[in-house]
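Let's take a walk through this protein together, a few residues at a time. Have the picture and the sequence at hand as you read.

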Amino acid sequence: MVTCNNLYDNGNMKQIASLGCVKVFEHQRDLSVNPSSAMAAYYAAEMNVRKRQVLIELSGNSFTVQAGAMQWMAGSVNMTSGIKGVGDFLGKAIASKVTKESSAKPEYTGNGLVMLEPTYKHILLEEVSEWGSMVLEDGLFLACDSNITQKVVARTTISSAVAGKEGLFNLCLTGNGVAVLESPVPKDELIEFDLKDDELKIDGNMAIAWSNSLKFTVERSSKSLVGSAVSGEGLVNVYRGTGKVLMAPTQ
């Protein structure tokens, strides 16, 4: 039996979010400072530049984590490579090249605690089943329930990658469970669009996640070249159909 003191009752570590077996803690201040760094640390905390950590409480279930993200684990927790045979390794190696994700994401199984490394990025907890299939921008994935299927999806058109300054492939999550994402902006700044047989046009690649059911294309902001020139807007990213889009307007 492991007793963890000064974690749940730590006055400087505030729990700011939870979903399923995942909790997110935020360090309110950087206490490991010296006279030369104290002022910078103070103003960093005042401007919401704080370290955040993800705690996964395992109770016989499994969680998949980005390679190198684990800080410590306690209890009867086993780690495996998450690779099931040579074919699976080759498939994940190819996927890692096109999505900029690690080829091997370790799985943690058992009963105990897994704490991830501190990050200054903002942590998002999403229930994947509410998205149907959830497509992520590169670099967002941090962890997820191991029963969630990870696959690589290609853009529906090459124009959506080339003209939209996006990659040709993205990581897609499907199933039931929690996905832990690292966002460049806090949740309070994110705008969520819920489309029902409609369309959303965004000037720039500010969408960080969207439903795989949506068709993504890049089009002129106006049907005519003159209209696009007059409006000052050239090409826009268009999400069409039924699903959700998560946008970071200040990214």
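**Rings, turns and a distant neighbour**

Tyr42 has a relative accessibility of 48%, so it counts as partly exposed. Its neighbour Tyr43 comes out at 52%, and since the cut-off for exposed is over 50%, Tyr43 counts as exposed. Keep in mind that you're looking at a predicted model.

Now for aromatic pairs: the structure holds 5 of them. Tyr42 and Tyr43 make one such pair, with ring centres 5.2 Å apart and planes at 80°, so this pair is edge-to-face. If you wonder why two numbers turn up here, a pair of aromatic rings is described by the distance of the centres and the angle of the planes.

Next, find Trp210 and Tyr239, whose rings form a tilted pair, 5.6 Å from centre to centre with 55° between the planes. Trp210 belongs to strand E13 (residues 207-211) and Tyr239 to strand E15 (residues 235-247), so their pairing ties together parts that are 29 residues apart in sequence. Are these two buried or exposed? Both Trp210 and Tyr239 are buried. Phe216 joins in as well: Trp210, Phe216 and Tyr239 form one aromatic cluster.

A ring can also have a charge for company. Look at Phe141: the charged end of Lys105 sits over its ring, 5.4 Å from the ring centre.

Let's turn to the backbone. Most residues other than glycine have a negative phi. Which way does Asn48 go, positive or negative? Its phi is positive, near 65°, though Asn48 isn't a glycine. You'll find Asn48 in the loop between helix H1 (38-46) and strand E3 (52-65). With a relative accessible area of 30%, Asn48 is partly exposed.

Asp197 also has a positive phi, about 50°, without being a glycine. Asp197 sits in strand E12 (residues 191-202). Its relative accessibility is 71%, so Asp197 counts as exposed.

One more stop: Leu19, in strand E1 (residues 13-19). Leu19 has a relative accessible area of 29%, which means that it is partly exposed. Which residues does Leu19 touch, leaving aside its neighbours within four places in sequence? Its contacts are Leu125, Glu126, Glu127 and Val178. Take Leu125: it is 106 residues from Leu19 along the chain, and yet the C-alpha atoms of the two are separated by 6.6 Å.

Notes. Residues are numbered from 1 along each chain as its sequence is written. This is a predicted model: local features need pLDDT of at least 70, side-chain atom pairs count only at pLDDT 80 or more; totals for chains, interfaces and linings use all residues. Side-chain values use heavy atoms; hydrogens and water are left out. Helices (H or I, at least four residues) and strands (E, at least two) are DSSP runs, numbered from the N terminus. Buried means under 20% relative accessible area, exposed over 50%, partly exposed in between (1.4 Å probe, protein chains only). Contact means heavy atoms within 4.5 Å. Rings of Phe, Tyr and Trp (its six-membered ring) pair if their centres lie within 6.5 Å; planes under 30 degrees apart count as stacked, over 60 as edge-to-face and the rest as tilted. A charge sits over a ring if NZ of Lys or CZ of Arg is within 6 Å of the ring centre and within 35 degrees of the ring normal.
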